[in-house]
Every structure is written in structure tokens, then in C-alpha cells.
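Student: I should like to take a close look at one part of this model, the buried charged side of the story. Could you please guide me through it, and place it within the whole chain?

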Amino acid sequence: MNTNTNDGSVTKGFRWRQRIGYGAMDLGRNIVQNMADLYLSVFLTTVAQLPLAAVSIMFLICKIIDAITDVIVGMLVDRTNTRFGRCRPWVVGGCFVYAIGLFALFQAPELSAGNKIVYMYAAYILYTLGMTMVNIPTSSMMPLLSKDPSEYNMFGSAKAWAASIASTVVANTAMVLVAFFGAGNNELLGYSRTVLLFGACEIVLCLIGVMMVKEINPPIESKKKNSSLSETLGNLKAIITDRNFLGVFLFCICNLIYQVATASTMAYYCLFILDHQMGLMGLAMTAQSVVGFACPVIFITMNRKFAKKNIVQIASVICVCGLALRYLSPSLPVMLIVGMAIFGIGMGCMNTSLMTMQPDVMDSLTVKTGKQLTGLVAALFSLGCQLGSGLSNSLVTAVLAIGGFDGSVQEQTASALMSVRVAFGGIGIGAVALVFCAMFVYNLDAQIPEIRKKIERMHQEAR
């Protein structure tokens, strides 16, 4: 197989196999993540009945622990060298840990209050470890799946479509399954069996994806097999001081803040603002996901005329419009669906942009450092996502606690209802505004053609 940049010897069928396999892995990952993002906060505060303050602190502390494991796993991925490739063995092992972690999270063992919190800490750490073991290798795998850099847009689109499908499936089936498995009156049993089913789906999809994809673009190997600590620290410094990395890293953080805040508070919004109209939640998430299917095509079309940073800024304005519409119209249930549809257009384009920006940054840092540190860079981006998720959960629970929200009662005070609205819309608006600002430091769009040429020369010299 030749190694030309355009990779002309790869058949069309093989390209589609790579894209579908990559999307299958991300579909499995997103099913688990969407279940946790949408329902974990509600489960912990209303079914497990943990104090809001304890939940908020747990989210933050566990994300700090996860930050450490992210970097460790990323460095280990860069040092992995098997006949199955660098990344795929990690996905095989990680998908089982991820599913087990999800199952452990949605349990409420009959323990004392203190021991129940300790159990939740252990379950959440296991869950985030599984997420790390799947997320980092799938993200760092993208540059290894094709010698043609234009495929980044297709792989990014596959991830975006997978996210839309997973969001639609989970939002429309989770609570139906909880009611079915719980026979209508045992929420704990319903949640337990539902996450068991979703975890099994994640394992199957990840394994199918691993079998379909092949790492055909081997990483540029350093002539020195073992890096010293000082060299590793030097590489890390080069990464974290790079302006484009910092812009995308902040994008990762804020992208998860507004997405998780919206997802995790929608159930609260439908229960307490819209008077238990939970059916609207599925309709709203479907509206978001349906328009999201078109976003990868919209992104690819726009990218022919606009730089990626400009697409993100346009999309962020659309997101704010959707968020503001929902926040300002709490008495009109239909505006939840309209707002989510508008929000979905912006979010879908932002997600696709982010997925394609990450490998661009990886390539630019390969040229800058002379090493293909995709695992470490992917780990740092994953760290940004985990920080965003943890901060979002902590912000949501903090806002609800300040408003006096009480998950054990059906009727909430006026201040508690206002806190639900702020958590549902206000947090997201602030985070999206930060994404808009972060794009002013990103300047890779004009440099990509020259970076591609340098990468190709590095591959040739390595051979």
C-alpha cells in the first residue's frame, strides 16, 4: 500500500468500513455517556436520595482523580505497540470497565448515609476510568486510520452522527425501559436493568467497531524507544503552551459544560417547571438529535468557504439563541422543543468542528515536537472534557442547592424553580460564550496544508 497523502490505493469500500467501524465505537460510548449525563444527577438526588452538596463535591473530586488517570492512560497508549495496533486493544478492555462502571453507578445499596457516599465515589471512579480507557484511544486513533487527512472530516462526522443517534435512543427509551423493568413502581430495579441493557449494547458496538477498523497509518516512531522524564515533561510543556491546543482545550471544557448542564437538568425542567410532562423530554431530545443528523453535512459544506474557527463562532451564536429561547419561555412547553431544535443545530456543528480540530492540533504538535504524541494529546483533550463534565455537574448541583431544591418533595419553592431554570439555560449560555471567545486564539486553519506536507516528509524519513 502506498503512502501518498491522498492514499489512492485504499478502496472506497474499505474507507466506508473504517468510517462505520469508527462510528460504531463512538455510538457505544455515547449510549453509556448519555445515560449518565441525562439521568445520573436525577437518580442520585431522587432515587438514591443523596444530599445535593455531597453529589456536587463527589463530581468535582472524582474528576480531579480522573484528570490523573487521563494523562497516565494517554502516555500508556503512546507506548503501546501490538499487532492489533496502538489503540484498539485499549478499547477492547475499556468497554467492559465502562459498562460495569455504569451499572455500579445506578445502584442504591442499603448502607448508612456515609457508606453510601463512599460506594458512589468508588462507582464513579470506576465509571470514569472506563470512560478514559475508551475515549482516549478512540480519539487518538483518528490520525492512524487513514493516510488521507481529508478523512478527518468524515471520521468527525461519524462521531457526530453517533452522538445524535445515541442521544435520540437514550432520551426516548430510557424512562420507558425504567418503567417497564421496574413494573411501574420500582424505579431502582428499573434503572438497574436499563443500564445493564445499555452497557451490553456498548460492549457489543465497541467490539464490532474494533473488528471493522484497522490502523493503517502507523505512528511516526521516535528513534529513542524510551523517553526520559525530562523529555516527557518537555513534550508536555510544548503541548500545554501551544496556543491552538489551549484554544481547543478550552473548547473541550466549555463544550461539555453546556451539554451536560442541559442534559442533566432537562429531567428536572420537565418534572418541576412543566408539571411532570416527561413525554416532552423525549420529543425535545428527538428534535435536537434530528436536526443534529444534518449538522455534519452542514459543517462539511461550510468548511469549503469558512475556517473551522468561524464555523464554531457562528454555531455558538445559534446555540445561545436556542438556550435563551428556552430560558425566557418556561410557561410554553412547545418552546422547549423549538429551543432544543435550534440548540441542536448549533451544538451539532460545534461538535463536528471540535472532532475535526483535535486531529489538526495533533498533527501540528507532531511537527512542533517531532513526535506523534496522539495518545498524550488525546488524553489532555479528554481531561478537558472530563473537567467540563465535572464542573457542569458541580455547577448544576450548586445552583440547585443555593435555590433550595429538595429532591424528596413534589412541590418546590419559587426560588428552587428559578434555580432549575438557571441550571437548565443560564449555565449553558455562559459556557457557549466562552467557546466563542476561545476561537480567537485558534489560528491553524491557514497552516494545515503546510503541516500536512511536513507530516508526510516525517513519515518518509522514518521509513
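Tutor: The account below begins with the whole chain and then turns to single residues.

The model is predicted, and its confidence should be considered at the outset. The mean pLDDT of the chain is 86, and 95% of the residues reach 70 or more. Over residues 1-6, however, the pLDDT is below 50, although this stretch has 20 contacts in the model beyond near neighbours in sequence. Among the elements, helix H3 (residues 88-105) has the highest mean pLDDT, 96, while helix H7 (residues 229-240) has the lowest, 78.

The chain contains 14 helices and zero strands. For a chain of 463 residues, a compact globule would have a radius of gyration near 23 Å, and the 22 Å of this chain agrees with that. Along the principal axes, the C-alpha atoms fill a box of roughly 70 × 45 × 40 Å. Of the 463 residues, 59% count as buried. Among contacts between residues at least 6 apart in sequence, 84% join residues at least 24 apart. The exposed surface amounts to about 18000 Å², of which carbon and sulfur atoms supply 68%.

Charge is the next topic. The chain has 33 positive and 24 negative side chains, and the centres of the two sets lie 8 Å apart.

Let us now examine Lys 308, which lies in helix H10 (residues 308-328). Is Lys 308 buried or exposed? Lys 308 counts as buried because its relative accessibility is 7%, and the cut-off for buried is under 20%. Which residues does Lys 308 touch, leaving aside those up to four places away in sequence? They are Asn 153, Phe 299, Asn 303, Thr 356, Met 357, Asp 360 and Asp 445. One of these partners, Thr 356, is 48 residues from Lys 308 in sequence, yet the two C-alpha atoms are 8.7 Å apart in space.

Arg 29 may be read in the same manner. Arg 29 is placed in helix H1 and has a relative accessible area of 9%, so Arg 29 is buried. Not counting residues up to four places away in sequence, Arg 29 touches Tyr 98, Val 134, Asn 135, Glu 202 and Cys 206. The C-alpha atoms of Arg 29 and Ala 163 are separated by 8.9 Å, and these two residues are 134 residues apart along the chain.

Thr 128 provides a further buried position. Thr 128 belongs to helix H4 (residues 113-141), and its relative accessible area is 2%, so Thr 128 is buried. Beyond residues up to four places away in sequence, Thr 128 touches Lys 63 and Asp 66.

Gln 49 offers a contrast in accessibility. Gln 49 lies in the loop between helix H1 (12-47) and helix H2 (52-79). Gln 49 counts as exposed because its relative accessibility is 51%, and exposed means over 50%. The backbone of Gln 49 also deserves attention: its phi is near 55°, a positive value in a residue other than glycine. Most residues other than glycine have a negative phi.

To review the close look, Lys 308 is buried at 7% relative accessibility, Arg 29 is buried at 9%, and Thr 128 is buried at 2%, whereas Gln 49 is exposed at 51%.

Technical notes
Residues numbered from 1 in each chain as written. Predicted model: local features only at pLDDT ≥ 70, side-chain atom pairs only at ≥ 80, totals over all residues. Heavy atoms only, no water. Helix = DSSP H or I, 4+ residues; strand = E, 2+ residues; numbered from the N terminus. Rg over C-alpha atoms; globule rule 2.2 N^0.38 Å. Buried < 20%, exposed > 50% of the residue type's maximum accessible area, 1.4 Å probe, protein only. Contact = heavy atoms within 4.5 Å. Areas by Shrake-Rupley, 256 points an atom, 1.4 Å probe, with all protein chains shown as cover. Lys, Arg positive; Asp, Glu negative; His and termini not counted. Charge placed at Lys NZ, Arg CZ, Asp CG, Glu CD. pLDDT = per-residue confidence, 0-100.
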